[in-house]
Amino acid sequence: MPAKKVTKVLLFLKNMVYESTSPMEMLRFAKYYRKKGLDVEVVLWGPMGVILAKKGKHGTPPYDERVKECIDMGVKFKCCELASAMIGFKKDELIEGVEMIESFEVADLMQQYCKEGQLVINL
């Protein structure tokens, strides 16, 4: 049986935003794979991962701008509602273009990408 061609990438971010290189790596991977013509979805989950989706963050690097650049390139961002609720983060606080999804949808995405033989990266 021939190998399936990878056409989609699912990136998961669960680590702390300002105390880890994971957010920058994830944003770089998203841009890299998008420039290669792959469909890219980023799932922000866990109480620390969802912070990347919160608009109006201050600090360096300028994550809000980097997320918007990715969205403008066609990268889809999804934020876990359960993790957001755990830290009191509401849908109206999302960076424009980020979608809030239920935790079961996160599980469904994992299953779908694996079933299709697509690339899944967890940071």
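These exercises work through side-chain contacts and exposure in the structure above.

The model is predicted, so local features need pLDDT of at least 70 and side-chain atom pairs count only at pLDDT 80 or more, while totals for chains, interfaces and linings use all residues. Residues are numbered from 1 along each chain as its sequence is written, and side-chain values use heavy atoms, with hydrogens and water left out.

**Exercise 1. Count the salt bridges, then place the one between lysine 54 and glutamate 93.**

Solution.
- Step 1: Apply the rule. A salt bridge is a side-chain nitrogen of Lys or Arg within 4 Å of a carboxyl oxygen of Asp or Glu.
- Step 2: Count. The rule gives six salt bridges.
- Step 3: Check the distance. The closest N and O atoms of lysine 54 and glutamate 93 are 2.8 Å apart.
- Step 4: Locate both ends. Lysine 54 is in the loop between α2 (46-49) and α3 (63-73), and glutamate 93 is in the loop between α4 (81-86) and β4 (98-101), so the pair ties together parts that are 39 residues apart in sequence. Helices (H or I, at least four residues) and strands (E, at least two) are DSSP runs, numbered from the N terminus.
- Step 5: Judge exposure. Buried means under 20% relative accessible area, exposed over 50%, and partly exposed in between (1.4 Å probe, protein chains only). Lysine 54 is partly exposed at 31%. Glutamate 93 is partly exposed too, at 22%.

**Exercise 2. Describe the surroundings of lysine 57.**

Solution.
- Step 1: Locate the residue. Lysine 57 sits in the loop between α2 and α3.
- Step 2: Judge exposure. Its relative accessibility is 18%, so lysine 57 counts as buried.
- Step 3: Find the charged partner. Lysine 57 and aspartate 64 form a salt bridge, with 2.5 Å from N to O. Aspartate 64 is buried, at 13% relative accessibility.
- Step 4: Look at polar contacts. These are pairs of N or O atoms within 3.5 Å; within protein, one must be able to donate a hydrogen and the other to accept it, and residues adjacent in sequence count only if both atoms are side-chain atoms. The lysine 57 side chain makes such a contact with the aspartate 64 side chain (2.5 Å). The side chain of lysine 57 also reaches the backbone oxygen of leucine 52, at 3.0 Å.

**Exercise 3. Trace the salt-bridge network that includes lysine 78.**

Solution.
- Step 1: Take one pair. The side chains of lysine 78 and glutamate 99 form a salt bridge at 2.9 Å, N to O.
- Step 2: Place the pair. Lysine 78 is in strand β3 (residues 76-80) and glutamate 99 in strand β4, so the pair ties together parts that are 21 residues apart in sequence.
- Step 3: Judge exposure. Lysine 78 is buried at 13%, whereas glutamate 99 is partly exposed at 37%.
- Step 4: Complete the network. Salt bridges link Glu41, Lys78 and Glu99.

**Exercise 4. Which residues form the aromatic cluster, and which lysines lie over rings?**

Solution.
- Step 1: Set the ring rule. Rings of Phe, Tyr and Trp (its six-membered ring) pair if their centres lie within 6.5 Å; planes under 30 degrees apart count as stacked, over 60 as edge-to-face and the rest as tilted.
- Step 2: Count pairs. There are three aromatic pairs. For tyrosine 32 and tyrosine 33, the ring centres are 5.3 Å apart and the planes are at 70°, so this pair is edge-to-face.
- Step 3: Judge exposure. Tyrosine 32 is partly exposed at 46%, but tyrosine 33 is buried at 18%.
- Step 4: Name the cluster. Phe29, Tyr32 and Tyr33 form one aromatic cluster.
- Step 5: Find charges over rings. The test is NZ of Lys or CZ of Arg within 6 Å of the ring centre and within 35 degrees of the ring normal. Lysine 8 lies over the face of tyrosine 113, 4.6 Å from the ring centre. The charged end of lysine 14 sits over the tryptophan 45 ring, 4.7 Å from its centre.

**Exercise 5. Is isoleucine 95 buried or exposed?**

Solution.
- Step 1: Locate the residue. Isoleucine 95 is in the loop between α4 and β4.
- Step 2: Read the accessibility. At 1%, isoleucine 95 counts as buried.
- Step 3: Check a distant partner in sequence. Isoleucine 95 and phenylalanine 77 are 18 residues apart in sequence and 9.7 Å apart in space, C-alpha to C-alpha.
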